[in-house]
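Student: Could we go through this protein together, starting with its overall form and then moving to its nonpolar residues?

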Amino acid sequence: MANIRDVARLAGVSISSVSNLLNNRSHQMSAQTRQRIEQAMDTLGYRPARTAVNLAPQAKIIGLLLPSIVNPSFSALAHAVDSAARAHRYRVLLGNAYRQEQEEAAFIDDMFLHGVRGIIVAASDIRQTHFVRAAERGMKIVSYDSPFAEPMAADSRLFDSVSMDNLAAGRLAAQHLLERGCRHIVFATEAALTVGRSHKIDGFLSALGHNLSERQRVIEGKATSAYGDTEMFELGLTLASRILALTPRPDGIVAINDALGIGLMVGLRAAGVQVPAEISVVGIDNIALAGLAEPGLTSIGPPLAEMAQLMVERLIGRINNDSQPPGEFLFPPTVISRRSVKTAG
C-alpha cells in the first residue's frame with residue numbers, strides 16, 4: 001500500500017509539501033507542485049484517511065505520551081514539559097500507554113478529537129504504523145529518547161527526534177568507575193531493550209575495551225510488565241543478589257536508570273555490602289530521588305529542562321509553520337557526582 005513517502009518521491013517534492021496539500025494548505029505551493037502531487041496520488045492509488053476528527057479546531061494544547069508516569073524518569077520529563085509549555089501558554093494532555101500499541105493509537109485518536117496537533121512521544125518505537133499515519137494526517141510529533149537508528153535525509157523525516165546522547169552516557173558511567181579504581185564492572189538492566197537502552201549498553205562496553213571479556217557483562221532482569229517501567233526499584237532489589245553471586249564479584253555497577261540503581265543499593269545494603277566501600281554504583285537520568293538516596297547516587301544526567309524547552313518550541317513552531325522540516329537533536333550528558341562511588345585511591 002502506498003504511503004505519503006511514496007507520493008513525495010514520485011512527485012519529486014518533500015513530505016511536508018504532500019502534507020500541506022492533504023491538510024488544506026495548498027496556498028503554500030505553486031499550482032504545478034499541487035498538480036504533480038495529485039498526479040502522483042492518482043498513479044499510486046493513494047487515498048489518505050479522512051475522518052471527522054481532522055476537522056476539530058486547533059487547541060493551544062500539546063500531548064505527552066509516556067510509557068508510565070510511575071517511572072520517575074518519565075515523571076521528571078512530564079514536569080519539565082509542562083513547565084516549558086506553560087511558558088508558551090500551552091496546556092499538556094498526558095497519556096500513559098504502557099508501551100502497548102492499542103493504547104498509543106487510542107491516545108493519538110483522542111488528541112485529534114481534542115484539536116491537538118502536536119505530541120511528544122517518549123521512549124517508544126516511532127516507526128510504528130500508528131505514529132506514521134498520525135504524521136501523515138498532520139500531527140506534529142517529537143520523539144523523545146528514541147533516536148533514529150540511522151541518519152535520515154531531512155526531506156524524508158516525519159518526526160523531530162530529541163535525545164540525550166545515550167552512547168556517551170553509558171561511556172561516561174563506565175569511565176567514571178574506571179577513574180575511581182573499579183576493575184570488575186557490570187551493567188544492570190531490564191531485559192527488554194529500547195534503542196536508548198541499547199545505546200547506553202554500547203557506550204558502556206566501548207569504554208571497557210574488547211580485551212577484557214570478564215568485565216564486559218550485562219546483567220539482565222526480567223520484569224513482570226513489559227520493559228519494567230513500573231517496577232524498576234523492585235528489579236534493582238532482586239538483581240543485587242545475582243550480582244553478588246558473580247565471580248569475581250563486581251566492584252562497580254552501572255544501572256540502566258536511577259530507579260534501578262537505588263533498588264540495587266537497597267539490595268546491597270540488605271546483604272551487608274557497603275556502598276561505595278565495597279561496590280560503587282552509578283545510575284543514569286539524575287532523578288530527584290538520586291540525591292535523597294543513602295548514599296546519594298552518582299548519576300549521568302541529561303539537560304532535561306533544555307530538552308523539554310526545545311521539544312515544546314519545535315512542536316509549536318511546526319504547528320504554526322508546516323514548511324519547517326523535522327530535525328534531529330542530541331544533547332550531551334554530564335556526570336553528577338555523589339557518594340555512591342568511591343574516591344580514587
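The questions and answers below go through this predicted model.

Student: Happy to start with the whole chain. What radius of gyration does the protein chain have?

Tutor: Let's begin with the extent: along its principal axes the C-alpha trace spans about 75 × 40 × 30 Å. For 345 residues, a compact globule would have a radius of gyration near 20 Å. The value for the protein chain agrees with that: 23 Å.

Student: Which helix gives the most to the largest nonpolar core?

Tutor: That core has 69 residues, and Leu77, Val81, Ile253, Leu260, Leu264 and Leu268 touch the most other members. The top contributor gives eight residues to this core, and its span is residues 304-320. That is helix H11.

Student: Let's zoom in on Val81. Leaving aside neighbours within four places in sequence, which residues is Val81 in contact with?

Tutor: Val81 is one of the residues that touch the most other members of the largest core. Setting aside its neighbours within four places in sequence, its contacts are Ile62, Leu64, Val92, Ile120, Ala308, Met311 and Val312.

Student: And on the outside, does Ile69 count as buried or partly exposed?

Tutor: Good one to reason through! Ile69 lies in the loop between strand S1 (61-66) and helix H4 (72-87), and with Val70 and Leu94 it forms a nonpolar patch on the surface. Buried would require under 20% relative accessible area. Ile69 has 31% relative accessibility, so it counts as partly exposed.

Notes: Residues are numbered from 1 along each chain as its sequence is written. This is a predicted model: local features need pLDDT of at least 70, side-chain atom pairs count only at pLDDT 80 or more; totals for chains, interfaces and linings use all residues. Side-chain values use heavy atoms; hydrogens and water are left out. A nonpolar core is a set of buried Ala, Val, Leu, Ile, Met, Phe, Trp, Tyr and Cys residues joined through side-chain atoms within 4.5 Å. Buried means under 20% relative accessible area, exposed over 50%, partly exposed in between (1.4 Å probe, protein chains only). Helices (H or I, at least four residues) and strands (E, at least two) are DSSP runs, numbered from the N terminus. Contact means heavy atoms within 4.5 Å. Patches are made of residues with over 30% relative accessible area and no salt bridge: like charges are joined within 9 Å, nonpolar side chains (Val, Leu, Ile, Met, Phe, Trp, Tyr) within 5 Å. Accessible areas come from the Shrake-Rupley method with a 1.4 Å probe; for residues, only the protein chains shown count as cover. A salt bridge is a side-chain nitrogen of Lys or Arg within 4 Å of a carboxyl oxygen of Asp or Glu. The radius of gyration is taken over C-alpha atoms; the globule rule is 2.2 Å times the number of residues to the power 0.38.
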